[in-house]
Amino acid sequence: MLQRLFGKKDSRRRGADGQDGTTVDDSFIHLHNIVKTFKTAAGEFTVLKGINVHFNRGEFVGVIGKSGSGKSTLINMITGIDRPTSGAVWVGDTPVHKLSEGELAVWRGKNLGVVFQFFQLLPTLTLIENIMLPMDFCNMYSPRQRKERAMHLLERVEMEEHAHKLPTAISGGQQQRVAIARSLANDPPVIIADEPTGNLDSKTAESIFQMFEELVSQGKTILMVTHDSSLAKRVNRTLLIADGEIVSEYVAQALPMLTHQQMLALTHELEPESFQPGATIIQEGSAGDHFYIVTEGVCDVVLHRPRGSDVVVSHFTIGQFFGEIEMLHGGHRRATIRASEAGPVKVVAIDYEKMCQVLGESEQTRDAIERIAKDRIAENVAGRES
Ligand SMILES: Nc1ncnc2c1ncn2[C@@H]1O[C@H](COP(=O)(O)OP(=O)(O)O)[C@@H](O)[C@H]1O
Ligand SMILES: [Mg+2]
């Protein structure tokens, strides 16, 4: 039904990784070395500790992390609700960090739709007036068009029959629908939503989330902070924030049982490496000192057989790890891992010492890795014998 309301779906490709200042296609929103420090009675408190991230046009990004990790502060850097202490924020070719307050208000009104947890409709205005407000403020469209457009937006969120009510006369879910309609008033390319479903029951949350999905399918770029892990799984990309820093999505994917703090500790230790198609990453029989996570491409797991040629027994793809067997059991590499012939491979390497430090604190992760190692050893024995 919402699909009907929002029009036809077109497929959007998933954005490239865009983290750590890498150049990406279609890159649209850039945060460059963002630091945010608050001065409190207890002294200075750095909430964002040097954030570097890119978002592409058409991406649906879920911003996740514990309460107090800095999610709202991060997205407020983009909306300009808050200013960075240092660093740069670019949206398209606008340097948001350089705009004056007046410029910022107009730029935001035209370019961003902002949706909040508690809707924040103006209580003294009717719903249709709430939606007309951003158009009035930015002097977009003629006064008559504004009214027509506001009514059309209310239709899109199935709230047209309530147009002349005040916000208090409708439910929270309905208020959020109207807030979404308001965020679309000036047809902005970007929607920023801070826990938009945080105050809604799960059924209503689902319908709000579907609206965002539809908007993404129509080309909007959406950043949504969410606590809801089931919703976070359905976006194109998740950005996990811990202690004011971005956790490597590959570490989070490969080692999900770690605490966010532990993931962040490993994120600090990543050593990126690139390999051409067919290049050897680790060699069977050599001594090992690093654990690896695949971040791009496909790796072949190759066993050398005493009689006969080498055999590819398995593959590793993005978010999978290798090099764990020697870390747990010592000794030489049990297999050769190569970049597949299909394309280049990128990995991140972590020194065994650092890995063991973190695993020492997470029995669960150690057990999970042990289990995988055991299966792989069995697979290798079978592979060599076959
Ligand atoms: N205006 C402020 N002054 C001082 N501290 C703040 C301010 N805004 C946020 N903080 C602190 O920054 C940290 C991150 O806050 P926030 O970005 O709201 O986290 P999240 O949205 O992830 O829950 C918290 O410890 C919070 O108390
Ligand atoms: Mg918050």
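How many Å separate the centres of domain 1 and domain 2, taken over C-alpha atoms? The answer is 39 Å, in a predicted model where local features need pLDDT of at least 70, side-chain atom pairs count only at pLDDT 80 or more, and totals for chains, interfaces and linings use all residues. Residues are numbered from 1 along each chain as its sequence is written, and chains are lettered from A, with ligands numbered from 1, in the order in which they are written.

The domain bounds, which come from an automatic or database domain assignment, and the residues that each domain gives to the contact between them (C-beta atoms, placed from the backbone, within 7 Å) are set out below.

| Domain | Residues in the contact |
|---|---|
| domain 1 (2-247) | seven residues |
| domain 2 (257-385) | five residues |

On the side of domain 1 that touches domain 2, β9 (237-242) and β10 (245-247) each supply at least two residues; strands here are DSSP runs of E, at least two residues long, numbered from the N terminus.

The largest nonpolar core, a set of buried Ala, Val, Leu, Ile, Met, Phe, Trp, Tyr and Cys residues joined through C-beta atoms within 7 Å, has 94 residues, where buried means that 20 or more other C-beta atoms lie within 10 Å of a residue's own. Helix α7 (residues 202-217), a DSSP run of H or I with at least four residues, gives the most to this core, with seven residues. V63 and I222 have the most contacts inside the core.

The chain has a mean pLDDT, the predictor's confidence in each residue from 0 to 100, of 91, although pLDDT stays under 50 over residues 1-24.

Note on methods. Buried ≥ 20, exposed ≤ 12 C-beta atoms within 10 Å, placed from the backbone. Contact = placed C-beta atoms within 7 Å.
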